[in-house]
Amino acid sequence: MVEICYQNFPDLSEVNESFINSWFFDVVSRFDKQLGDVTLIFCSDDYLLDINRTYLNHDFYTDIITFDYSNLDTISGDLFISVDRVRENAIDLQQQFQDELHRVCVHGILHLIGFKDKSDDESFLMRNQENAMLDIRMFHVKHLKS
């Protein structure tokens, strides 16, 4: 089950909890995994920077930090997402905010599944998986509207 939280940030109209639950369930199922407890915490740049400094000893802004609590084939974790960073990246990449937000969300889920992005090869594979999972997102968007 996916829980949506806001930390020092107002609710986002672009976030639909039942859509996210359905989509994430489909994503993890494609990798023969079970969806456990996943929390999406939407926050500001400063809030996420503090987490980055405190827990990872990194002193830079990022769009997402993933804390993995997965156990065997059950995917669980906390995804801290900087809405400020996602908005800026959407502008820089000339993408719709919601599309970039979904990309960052599924990026976090893919990390929980086991995908990495430290090397160029890993980043290439991660991006391909993000694109594939964004493609299946459209099924859930259509299903939600019907």
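Reader: Leaving aside its neighbours within four places in sequence, which residues is S76 in contact with?
Author: This is a predicted model, where local features need pLDDT of at least 70, side-chain atom pairs count only at pLDDT 80 or more, and totals for chains, interfaces and linings use all residues. Residues are numbered from 1 along each chain as its sequence is written, and side-chain values use heavy atoms, with hydrogens and water left out. Contact means heavy atoms within 4.5 Å. With neighbours within four places in sequence set aside, the partners of S76 are G36, D37, V38, F67, D68, Y69, S70 and L112.

Reader: Is S76 buried or exposed?
Author: Buried means under 20% relative accessible area, exposed means over 50%, and partly exposed is in between (1.4 Å probe, protein chains only). S76 has a relative accessible area of 13%, so the word for it is buried.

Reader: Which strand does S76 lie in?
Author: Strands here are DSSP runs of E with at least two residues, while helices are runs of H or I with at least four, numbered from the N terminus. The run that covers residues 74-82 holds S76, and that's β4.

Reader: How many bridges join β2 to β4?
Author: Two strands pair if DSSP finds at least two bridges between them. In general, strands of a sheet pair through backbone hydrogen bonds, either parallel or antiparallel. Here β2 and β4 run parallel, and F42 has I81 in β4 as its bridge partner. The number of bridges joining β2 to β4 is eight.

Reader: What order do the four strands of the open sheet have?
Author: The pairing in this open sheet is mixed. Its edge strands, each pairing on one side only, are β1 and β3 (64-68). Reading across, you get β1-β2-β4-β3.

Reader: Which element gives the most to the largest nonpolar core?
Author: A nonpolar core is a set of buried Ala, Val, Leu, Ile, Met, Phe, Trp, Tyr and Cys residues joined through side-chain atoms within 4.5 Å. The largest one has 35 residues, and F42 and I81 are among those that touch the most other members. Several elements supply at least two residues each, including β1 (2-7), α1 (17-29) and β2 (34-43). The top giver, with nine residues, is α4.

Reader: Which strands does α4 touch where it packs on the sheet?
Author: Axes are lines fitted to C-alpha atoms, for helices over the stretch in contact, and angles run from 0 to 180 degrees between N-to-C directions. The direction of α4 makes about 145 degrees with that of β4. The strands α4 touches are β2, β3 and β4.
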